[in-house]
Amino acid sequence: MGMRKVAIVGAGMTKFMRRAHETGKELSWQAAKIALDSCELTLDDIGCVVMGTAPDAFDNIHMKGDYLGDGAGAWRKPYIRGFVGGGTGVFVADQAWYHVASGLFDTCLVVAEEKMSSAMPHPQGNFITCWDMFTESPLGPSLLWFFAWEMNRYMHAHGITEREIAMVSVKNKKNAMDHPAAQLPAEITVEDVLNSEVMAWPVKRLDVSPTSDGAVALVYAAEHVAKRITDKPVWIEGVGWCLDTIYVGQRDLYYPKYVEYAARQAYDMAGIKEPSKEIDIAEPYDPFDYKELHNAEGLLLCGKGEAPKLLADGVTQRTGRQPWCPSGGALGVGNAIAATGLMKVAELFWQLRGEAGKRQVPGRPKKGVAQAWGDEMQVGSVIVLGV
Amino acid sequence: MSEKIKELPGTPLSEKDIIEKKVLFTEWHPEFMWAWDTGIGYGRYFAELKKGRIIGTRCNKCRRVLLPARYFCEWCFRPVDEWVYLEDTGTVNTFSIAYTDWLARRIKEPRIPALIEIDGSGGVGIMHVLDEVDPKEVKIGMRVKAVWEPEEEREGAITDIKYWKPLKEV
Ligand SMILES: [Zn+2]
């Protein structure tokens, strides 16, 4: 379609943590600086900047994208903030792609930041502003209601048990033990998850990812520039994103159709016909353990209701045929909303270059898909990378 | 990455650092106020709730009932065709048993938020809460009926329905 090839050539990130001493701007700078250093570029080499940061409600900073701009290297550069809630991290990765693919810019610095901890006493309270102010927030909802409804509906539709789902949390927290940025790496058992405090049944404490502060940055370059920068470019082969209706009672929560649409857009572009066979590594968004399974089904990595079987058979372990969340995901590395989505793209970058260290997936993976989800739980954003 | 970068930046603080004010921070406790206009679709929806009735709108092109009532159909991108009264009974599509409130504080008596498919809507749901039921008894597919606030206390809000309780069908 007349687009240029675009590669990721550098990546960087901060630690993820419950509360960072650094401001959001400082975290953004830390991640951006490492990303630029990693490919030996300076800000002068960057044509434009794309910034991802999710709900303003966490910081109560109006036009947070503008506030964070300096930290993302946007000084006197074309700059845009992308924002689709929890879907932001992968959405900005898509958005940065079309800045370069279109021919407008040869390079792009994409930065995703989240500082949830400013919200007191707990960031959860600030999600009240996500609901419809007429028909929903007067009922005093917590976002956990929504996830509990979806998890319940998903289990009901396919006869899936809490025990089968808990295995995701066990796997991802264990994977995170090899991630230097991880906030909640742990060796836990399925029993630990099942016996953890019930927050909103069927959601229990260990089904849930933590709230986090952190930032991630990537450097994109057009093909002719990428070839001068690195011998190991990782190509962006497909992008897709999709929004469903905000009216929750109008969709059946057992399946994320909008993720499927986003995935089909990305796979079509990448020429992928059978994602279940052609994808070597996946980083589906896992703010909750059931979400990894739910999103993986939306990503067409298996049929509807089949994800728990792949998990049980070890297929999605780091050493399995198709590892899911080898990074440790939101459950293990942490859920600094927008930053976590981009962390997943960074993980594919490191994995496909063979630079993931102790997390390295064996067998020289060549194709990966990352995905984020959120907003009013009706957003899917997808990216396919390849070498 | 793990090989090239030895130490990632970022300085974690603990809850103690904040509570004991070991680090500097700036607090703000603003009080703002908004008054949101209900608009055309929700305006009638709430006016009917005040009368103890649930109303939706219908789009004759896609033949859907839109609920909560709306002014235009987002699928067909055209005005809706008519108002339709619905029943104040329905079926539980999915539910949760919540032991935390909206501020993530623990609550002793759990609340039972649910999506309820409203009778007459063709399966379209609204979110609300269940009560007068043992949480252990709640099932997907359970039939429920609205419990309304007394007429003089209704104010044209979603909370004019106090909650939904199991429906004993004759
Ligand atoms: Zn219509």
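Helices, as counted here, are DSSP runs of H or I with at least four residues, and strands are runs of E with at least two, both numbered from the N terminus. The structure is a predicted model, and the elements named below follow this numbering.

Chain A contains 13 helices and 11 strands. Its radius of gyration is 19 Å, close to the 21 Å that the globule rule gives for 387 residues, so chain A is as compact as a globular protein of that length. Along the principal axes, the C-alpha trace of chain A extends over about 50 × 45 × 40 Å. Of the 387 residues in this chain, 66% count as buried.

Chain B is built from 2 helices and 11 strands. In order from the N terminus, its elements read α-α-β-β-β-β-β-β-β-β-β-β-β. For chain B the radius of gyration is 23 Å, whereas a compact globule of 170 residues would have a value near 15 Å. A box of roughly 65 × 40 × 40 Å, taken along the principal axes, is filled by the C-alpha atoms of chain B. Among the 170 residues of chain B, 45% count as buried.

A zinc ion is bound by chain B through the SG atoms of B:Cys59, B:Cys62, B:Cys73 and B:Cys76, at 2.3 Å. The angles subtended by the 4 donor atoms run from 107 to 113 degrees, which makes the arrangement around the zinc ion tetrahedral. In sequence, the spacing of the donor residues is C-x2-C-x10-C-x2-C. B:Cys62 belongs to the loop between β1 (54-59) and β2 (64-66) of chain B and B:Cys73 to strand β3 (residues 72-73), so the pair ties together parts that are 11 residues apart in sequence. The two cysteines fall into separate accessibility classes: B:Cys62 has a relative accessible area of 21% and is therefore partly exposed, while B:Cys73, at 0%, is buried. The cut-off that applies to both is 20%, under which a residue counts as buried.

Two backbone features occur in the loops on either side of β2 of chain B. B:Arg63, in the loop between β1 and β2, has a positive phi of about 60 degrees although it is not a glycine. With a relative accessible area of 72%, B:Arg63 is exposed. In the loop between β2 and β3 lies B:Pro68, and the peptide bond that leads to this residue from B:Leu67 is cis, with omega near -5 degrees. Further along chain B, B:Ala104 is a residue other than glycine with a positive phi, near 65 degrees; B:Ala104 is located in the loop between β7 (97-100) and β8 (106-118). Most residues other than glycine have a negative phi, and most peptide bonds are trans.

In chain A, a cis peptide bond connects A:Met120 to A:Pro121, with omega of about -5 degrees. A:Pro121 is part of the loop between β4 (107-115) and α4 of chain A.

The search for open space in the model turned next to pockets. Rolling a probe the size of a water molecule over the atoms shows where empty space is left. The largest pocket has a volume of about 1,700 Å³. Its lining consists of 45 residues, and those nearest the centre of the pocket are A:Ala57, A:Phe58, A:Asp59, A:Asn60 and A:Asn126. By class, 24 of the lining residues are nonpolar, 13 are polar and 8 are charged. A:Ala57 sits in the loop between β2 (48-52) and α2 (64-68) of chain A, and its relative accessibility of 23% makes A:Ala57 partly exposed. The C-alpha atom of A:Ala57 is separated by 8.6 Å from that of A:Pro123, a residue 66 positions apart along the chain.

The second largest pocket holds about 1,200 Å³ of space. It is lined by 50 residues, of which A:Met116, A:His122, A:Gln124, A:Pro210 and A:Thr211 are the closest to its centre. The lining of this second pocket comprises 29 nonpolar, 12 polar and 9 charged residues. Both chains contribute to it: α4 (143-158) and β10 (367-374) of chain A, together with α1 (15-19) of chain B, each provide at least two lining residues.

Methods
Residues are numbered from 1 along each chain as its sequence is written. Chains are lettered from A and ligands numbered from 1 in the order in which they are written. This is a predicted model: local features need pLDDT of at least 70, side-chain atom pairs count only at pLDDT 80 or more; totals for chains, interfaces and linings use all residues. Side-chain values use heavy atoms; hydrogens and water are left out. On a 1 Å grid over the protein atoms alone, a cavity is a set of points where a 1.4 Å probe fits but cannot get out, and a pocket is an open set with protein on both sides within 12 Å along at least five of seven lines; lining residues have an atom within 4 Å of a point. Grid points are joined across faces, edges and corners, and a volume is the space filled by probe spheres set on the points. Ala, Val, Leu, Ile, Met, Phe, Trp, Tyr, Cys and Pro count as nonpolar, Asp, Glu, Lys and Arg as charged, and the others, Gly among them, as polar. Donors are N, O and S atoms within 2.8 Å of the metal (3.2 Å for Na, K and Ca); water is not among the atoms, so sites may look incomplete. Four donors count as tetrahedral if all angles lie between 85 and 135 degrees; four count as square planar and six as octahedral if opposite donors are over 155 degrees apart and all others between 65 and 115; anything else is irregular. Buried means under 20% relative accessible area, exposed over 50%, partly exposed in between (1.4 Å probe, protein chains only). The radius of gyration is taken over C-alpha atoms; the globule rule is 2.2 Å times the number of residues to the power 0.38.
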